[in-house]
Amino acid sequence: MKSILKPLLMVAAMAMGISSVATLPAQATLELNVNKGNVEPMPIAIPDFQGGLGPQISEIVAADLKRSGLFAPIDKAAFVEKISNPDATPRFDDWKVINAQALVTGSVSKEADGRIRAQYRLWDIFGNQQLAGEQFFANDANQRRVAHIIADAIYEKITGEKGYFDTRVVFVDESGAKNARKKRLAIMDQDGANVRYLSDGRSIVLTPRFSPNRQEITYMSYESGQPKVYLLQIETGQRELVGNFPGMTFAPRFSPDGQKVIMSLLRDDGNSNIFAMDLRSRSTTRLTDSTAIDTSPSYSPDGSQIVFTSDRGGGSGRSQIYVMGADGSNPHRISFGDGVYSTPVWSPRGDLIAFTKQSGGEFQIGVMKTDGSGERILSSGFQQEGPTWAPNGRVLMFFRDSAGGPKLVSVDLTGRNEQQIPTANYASDPAWSPLLE
Amino acid sequence: MSRIAALTRNPAMIALVAALAITGCASKKTPNSAADLGLNGAGAATPGSAQDFTVNIGDRIFFDTDSSSIRADAQTTLSRQAQWLNQYRQYAIVIEGHADERGTREYNLALGARRAAAARDFLVSKGVSAGRLKTISYGKERPVAVCDDISCWSQNRRAVTTLSGAGS
């Protein structure tokens, strides 16, 4: 199997030009506070990068920034100055008249050794200065990654937050009739490009989740007949059953250090409890022991707590969200709104828990603080579920079923910027990777 | 007609579908067995065959939303199943638990498992040997009915008793 995640980008960024980030004045005029309630997208001009591959790369940069909802790339037809030398100081006034707050210039060229060299400069138009300049080298296969890395750099320079464009999403590709769906594990870039299939569709596969620090996923498969949790090495295709439990195992997720898989195990009485398995020692620890459905466990990013779904409180069917210590101590309910709650996922920033809520005949994707307060619904629909966090904790992806099958949708924490992720087939169960390295 | 289309997926139901096509779609009641549809004698299944079980006994029971309680109608079906299974002991049995789509994936896997266990426990209480019975949950992964309304969801909330081991 050909490696998917090959050695990336070689060289890290090299500061170009006089105005490296470190020497910038503390108060740049160009900034965008993503914490403010109502963020107007920042008008940004991104002329075609120079060089044969240049326009392709700058197009991807512009698309990433636009999809974030924080930037509004300006129609190129409006540009007054035509950039011919991306290293020269632009005529700031020409960009002010079209109200560009920021300008990105760049070029892409081939090195003698076959690598691609991509460089960009970010200009603060109303500050009349260069804000950043970097260059990257990549092999051919990583063209799109160069663009995503540049988009991440621009996002971070302007918002002060880490970006999330140089990431992947593992998901379940769905094809065929609804009552005989073929489901395949698949992985793609966060923008829907570079889809690769990781399973052949002969068995039902569900709920893939990324390791926080390895090119590895955990997921559930029916391949042995009895549904079980597996590990899959993305690069080698090597698979491994997790644990040696008698019954169904499901709802797996990694611990933040990548050393454990936490999951549900079916009891003989038909109820489900939560277990953690240490991947080095192979020892398992029971974390809940209730005559209820306990499932969908997710660790806090510091590994000290676990949020999960349980119907222990309200009898059959009234599932709610609970938090307990990582050792199973002190489980307590945190969701008290009007509805049924499930699929809690702790934000990588630690501040919020995303969830699916069924209320009033709808399925909603929302977030709450880790004590259950401050609930906000970000998206509602007839059938949608399963949020996953972008690694910067600013965007969620989930799947929405409508008109024949599910599609992946992203929404930011304001709830205003909702985008469908383009996929060739139906798609469900997305899980976002950490930022690639 | 989507209900009919859905039923054709299960080969064992084909006889039933053919009969339905003759009688039309008039039945509002969820078909539990040929008997419910007034089809006695329509399927000439060999007694003791898997087809006999599916058509004349009824291979599935249905549940209320979010519930794994065995309803009164389901108790009747399961009691019939137990009697048949106790008569034809050559079969091993797998009970599939299913959920409708109005729940999240992982929760529904657990709910399907609970339904399968409830059906299994009922059969055991009627004398079927626990050693013959296995369960598996499909959550909401294998709907039989695929329209988006209550009549479909109620058909999908089910436990299906499937026979394996000795052939028919």
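I count two residues as in contact if their C-beta atoms, placed from the backbone, lie within 7 Å. The model I am reading is predicted.

Chain B, contacts. I took the contacts in chain B between residues at least 6 apart in sequence and found that 65% of them join residues at least 24 apart.

Chain B, elements. I listed six helices and four strands. Following the sequence of chain B, I read the order as α-α-α-β-α-β-α-β-α-β. I then looked up burial: of the 168 residues in chain B, 43% are buried.

Chain A against chain B. I found 31 residues of chain A in contact with 25 residues of chain B. On the chain A side, I noted which elements give two or more residues: strand 10 (205-210), strand 14 (249-254), strand 15 (260-266), strand 18 (294-299), strand 22 (340-346) and strand 26 (384-389) of chain A. I sorted the residues of this side of chain A by class and got 18 polar, nine nonpolar and four charged.

Chain A, domains. The domain assignment splits chain A into domain 1 (14-159) and domain 2 (168-432). I put the C-alpha centres of domain 1 and domain 2 of chain A 35 Å apart. Across the boundary in chain A, seven residues of domain 1 are in contact with 10 residues of domain 2. On the domain 1 side, I traced the largest share, three residues, to helix 1 (residues 54-67) of chain A. By class, I entered three charged, three nonpolar and one polar residue for the side of domain 1 of chain A that touches domain 2 of chain A.

Conventions: Residues are numbered from 1 along each chain as its sequence is written. Chains are lettered from A and ligands numbered from 1 in the order in which they are written. This is a predicted model: local features need pLDDT of at least 70, side-chain atom pairs count only at pLDDT 80 or more; totals for chains, interfaces and linings use all residues. Ala, Val, Leu, Ile, Met, Phe, Trp, Tyr, Cys and Pro count as nonpolar, Asp, Glu, Lys and Arg as charged, and the others, Gly among them, as polar. Domain bounds come from an automatic or database domain assignment. A residue is buried if 20 or more other C-beta atoms lie within 10 Å of its own, exposed if 12 or fewer, and partly exposed in between; C-beta atoms are placed from the backbone.
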